[in-house]
Amino acid sequence: EVISAERVIEVGVFRGSTTLRLAKSLPEGGKVVALDVSDQFAQTGKKYWEAANVMHKIDFRVAPAMASMDAMIAADEAGKYDMCF
């Protein structure tokens, strides 16, 4: 909210509490690209993402973060994010 971010990358989701906070802070139309190598622990957070009605703001990707970010660069997304956490 402080920096008026609209697009955010989160590297390492674990249980998703930061993902939830980021998504809730973004304006409508904002997006969190949440990267993790496993969805095992994120399953806990997904329940809360759904309850908070922010699933539409979260793009959860399961893969090594470097591979995901390389794919984002290849898709011409470089420089289009306001923050990386």
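Two residues are in contact here when their heavy atoms lie within 4.5 Å. With that in hand, we can explore this structure, which is a predicted model.

**The overall fold**

Let us start with the big picture. The protein has 3 helices and 4 strands, and reading along the sequence gives the pattern β-α-β-α-β-α-β. The C-alpha trace spans about 35 × 30 × 20 Å along its principal axes. How does the radius of gyration fit with a compact globule? For 85 residues, such a globule would have a value near 12 Å, and the protein's 12 Å agrees with this.

Contacts tell us how the chain comes together. Among contacts between residues at least 6 apart in sequence, 70% join residues at least 24 apart.

**Surface and charge**

Of the 85 residues, 36% count as buried. The protein exposes about 5,100 Å², and carbon and sulfur atoms supply 56% of that area. There are also charges to consider: 10 side chains are positive and 12 are negative, and the centres of these two sets lie 5 Å apart.

**The nonpolar cores**

In soluble globular proteins, nonpolar side chains tend to be buried together. In this model, the largest nonpolar core has 14 residues. Those with the most contacts inside this core are V13, V32, A34, W49, V54, I58 and F60. Which elements give two or more residues to it? They are α1 (17-25), β2 (31-36), α2 (42-51) and β3 (58-62). Helix α1 gives the most, with 3 residues.

V13 is a good place to look at this core from. Leaving aside neighbours within four places in sequence, V13 is in contact with T19, A34, L35, D36, A42, W49 and F60. Another core, of 6 residues, lies apart from the largest one, and I9, V33, M72 and Y81 are among its members.

**Three residues up close**

Now let us visit three single residues. The table shows where each one sits and how much of it is accessible.

| Residue | Element | Relative accessible area |
|---|---|---|
| T19 | helix α1 | 0%, buried |
| G45 | helix α2 | 2%, buried |
| K31 | strand β2 | 23%, partly exposed |

Why does T19 count as buried? Buried means under 20% relative accessible area, and T19 counts as buried because its value is 0%. Beyond residues up to four places away in sequence, T19 touches E10, V13, V32, A34, W49 and I58.

G45 also counts as buried, because its relative accessibility is 2%. Which residues does G45 touch, not counting those up to four places away in sequence? They are R15 and G16. To place G45 within the model, you can look across to G79: the two are 34 residues apart in sequence and 28 Å apart in space, C-alpha to C-alpha.

K31 is partly exposed, with a relative accessible area of 23%. Not counting residues up to four places away in sequence, K31 touches E6, R7, V8, L26, K57, D59, R61, E77 and Y81. One of these, Y81, also belongs to the core of 6 residues. I9, another member of that core, is 22 residues from K31 in sequence and 8.5 Å from K31 in space, C-alpha to C-alpha.

Key
Residues numbered from 1 in each chain as written. Predicted model: local features only at pLDDT ≥ 70, side-chain atom pairs only at ≥ 80, totals over all residues. Heavy atoms only, no water. Rg over C-alpha atoms; globule rule 2.2 N^0.38 Å. Buried < 20%, exposed > 50% of the residue type's maximum accessible area, 1.4 Å probe, protein only. Areas by Shrake-Rupley, 256 points an atom, 1.4 Å probe, with all protein chains shown as cover. Lys, Arg positive; Asp, Glu negative; His and termini not counted. Charge placed at Lys NZ, Arg CZ, Asp CG, Glu CD. Core = buried A, V, L, I, M, F, W, Y, C linked by side-chain atoms within 4.5 Å.
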